[in-house]
Amino acid sequence: MMNIMQTIHTRKTCREFTDEPVTREQIQTILEAANAAPIGMHDYEAVEFSVITDRSVIDKIDALAGPNAGRMGTGPTYKAPVLILISGEEGGLERGTAYCNAAGIIENMALAATDLGLGSGYILGVVKALQSHPELFAELGVDEGYIPVSAMTLGHAADPAIVTEQREPTVSNFITHFVE
């Protein structure tokens, strides 16, 4: 296992996956990290996950979003063997909390994936497409009153450097203002 700063500096978006399956144990570890994420007002009932491993369902989602929605001509899920869909209560969309909750959840899951040596990606293209097709929600495990707000791809990276090589640490990527 890496220390937290190593994991943070190593985590990168993976856009090419192998066909090697992700184990149920690995998925459980990633869901454990998701459940440790900060959630607005501790309202854990406002969020639900759909873990999709059925290739035909993932391909259907890719087709909805369009082949150009992802880089490398593979569609927005990059042919990942696992797609984790995060849905939030409809009321959380207007306030923005559903998206804020999803951001923290995705980052926790991505860090856990990196720590496990798995590739991951934070994707939005499929969410925009899915929000326009509520008739698919039940098939995707999205309960009534919830709407997909984010998604993460997960799998074994085709290029091992994605999950092993660290970026150079920096504090200068963002403009930072200290108000003292």
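On a 1 Å grid over the protein atoms alone, a pocket is an open set of points with protein on both sides within 12 Å along at least five of seven lines, and a cavity is a set of points where a 1.4 Å probe fits but cannot get out; lining residues are those with an atom within 4 Å of a point. Okay, with that in hand, let's look at our protein.

Quick housekeeping. This is a predicted model, where local features need pLDDT of at least 70 and side-chain atom pairs count only at pLDDT 80 or more, while totals for chains, interfaces and linings use all residues. Residues are numbered from 1 along each chain as its sequence is written, and side-chain values use heavy atoms, with hydrogens and water left out.

So, which residues line the largest pocket? Going along the chain, we meet Ile8, His9 and Arg11, then Glu107, and then Arg167, Glu168, Pro169, Thr170, Asn173 and Phe174. The volume of the largest pocket is about 290 Å³; a volume here is the space filled by probe spheres set on the grid points, which are joined across faces, edges and corners. Sorted by class, the pocket lining has four charged, three polar and three nonpolar residues. For the classes, Asp, Glu, Lys and Arg count as charged, Ala, Val, Leu, Ile, Met, Phe, Trp, Tyr, Cys and Pro as nonpolar, and the others, Gly among them, as polar.

Now the closed space. The count is one cavity of 30 Å³ or more, and the largest cavity holds about 50 Å³. Its lining includes Ala46, Val47, Gly88 and Glu89. Strand S2 (82-89), helix H4 (90-95) and helix H5 (97-115) each give at least two lining residues, and H5 has the largest share, with three. Helices (H or I, at least four residues) and strands (E, at least two) are DSSP runs, numbered from the N terminus. By class, this lining has three nonpolar, four polar and two charged residues.

On to charges. How many salt bridges does the structure hold? Four, where a salt bridge is a side-chain nitrogen of Lys or Arg within 4 Å of a carboxyl oxygen of Asp or Glu. Keep an eye on Asp59. Its side chain meets Arg55 in a salt bridge at 3.1 Å, N to O. These two are four residues apart in helix H3 (residues 55-65), so about one helical turn separates them. Asp59 also forms a salt bridge with Lys79, at 3.6 Å, N to O. Lys79 sits in the loop between H3 and S2, so this pair ties together parts that are 20 residues apart in sequence. Put together, Arg55, Asp59 and Lys79 are linked in a network of salt bridges.

Another salt bridge joins Glu139 and Lys60, at 3.0 Å, N to O. That one links distant parts of the chain, 79 residues apart: Glu139 is in the loop between helix H6 (125-131) and strand S4 (146-155), and Lys60 is in helix H3.

Last stop, the cysteines. The structure holds zero disulfides, a disulfide being a pair of cysteine sulfur atoms within 2.5 Å. Are Cys14 and Cys100 buried or exposed? Cys14 is buried, at 1% relative accessibility, whereas Cys100 is exposed, at 57%. The cut-offs are under 20% relative accessible area for buried, over 50% for exposed, and partly exposed in between (1.4 Å probe, protein chains only). That's me done, thanks!
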